[in-house]
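Welcome! Please take a moment to look over the chain below, and then we will walk through it together.

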Amino acid sequence: MDEAGYELGNLDATLILQKPKLSPHKETIRANLCELLGADPSVVNLKAKTHEKVDSLGENRSIAAHTVVLLMRK
C-alpha cells in the first residue's frame, strides 16, 4: 500500500463469532491493527457481533470477518 502511493483513509471491521466474547479484547485487537497498518487509531473501527445461534457461525463452528477499507492516494 505504501509502496504503491496509498495510505489508509478508514478501516471498518466486523468480527462475527459466538465465542469467545471479544469485548475485553477489542481495544488490543484494534491497537494491533493500527500498529500493523501504521494507521492512526482514529481511522480504525472494530465491531464484534454474534449470529444468535443461526448457521455455522451461531453454532460456534466458524467465525467470519467483514472489512471495508478506504485507501487514499498520498
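## Surface and overall make-up

Accessible areas here come from the Shrake-Rupley method with a 1.4 Å probe. By that method, the chain has an accessible surface of about 5,400 Å², and 55% of this belongs to carbon and sulfur atoms. Keep in mind as you read that this is a predicted model.

The chain has 74 residues, and 22% of them count as buried. Two helices and three strands make up its elements, and from the N terminus on they follow the order β-α-β-α-β. Among contacts with a separation of 6 or more, 77% are between residues 24 or more positions apart.

## The sheet and a helix on it

How are the three strands ordered in the sheet? They form an open sheet in the order β2-β1-β3, with mixed pairing. Because β2 (44-49) and β3 (64-73) each have a single partner strand, they stand at the edges, and one side of each is left without a neighbour in the sheet. From one strand to the next, the twist averages 10°.

Strand β1, which covers residues 6-16, pairs with β2 in the parallel sense over six bridges. Helix α1 (residues 26-37) packs on the sheet and touches β1 and β2, its direction making about 140° with that of β2. Within the pairing of β1 and β2, you can find Asp12 opposite Asn45 in β2.

## Three salt bridges

The structure holds three salt bridges. One of them joins Lys74 and Asp2, whose closest N and O atoms are 1.9 Å apart. This pair links distant parts of the chain, 72 residues apart: Lys74 is in the segment after β3 and Asp2 in the segment before β1. Lys74 counts as exposed, because its relative accessibility is 57%.

Asp12 appears again here, since its side chain meets that of Lys47 in a salt bridge (2.9 Å, N to O). The two are 35 residues apart, with Asp12 in strand β1 and Lys47 in strand β2. Asp12 is partly exposed at 25% relative accessibility, and Lys47 is partly exposed at 27%. Glu27 and Arg30 also form a salt bridge, with the closest N and O atoms 3.1 Å apart. Both lie in helix α1, and because they are three residues apart, about one helical turn separates them. Glu27 is exposed, with a relative accessible area of 52%.

## A nonpolar patch

Which residues make the nonpolar surface patch? Met1, Val69 and Leu71 do, over about 250 Å². Val69 belongs to strand β3 and, at 44% relative accessibility, counts as partly exposed.

Methods. Residues are numbered from 1 along each chain as its sequence is written. This is a predicted model: local features need pLDDT of at least 70, side-chain atom pairs count only at pLDDT 80 or more; totals for chains, interfaces and linings use all residues. Side-chain values use heavy atoms; hydrogens and water are left out. Two strands pair if DSSP finds at least two bridges between them. Helices (H or I, at least four residues) and strands (E, at least two) are DSSP runs, numbered from the N terminus. Axes are lines fitted to C-alpha atoms, for helices over the stretch in contact, and angles run from 0 to 180 degrees between N-to-C directions. Contact means heavy atoms within 4.5 Å. Patches are made of residues with over 30% relative accessible area and no salt bridge: like charges are joined within 9 Å, nonpolar side chains (Val, Leu, Ile, Met, Phe, Trp, Tyr) within 5 Å. A salt bridge is a side-chain nitrogen of Lys or Arg within 4 Å of a carboxyl oxygen of Asp or Glu. Buried means under 20% relative accessible area, exposed over 50%, partly exposed in between (1.4 Å probe, protein chains only).
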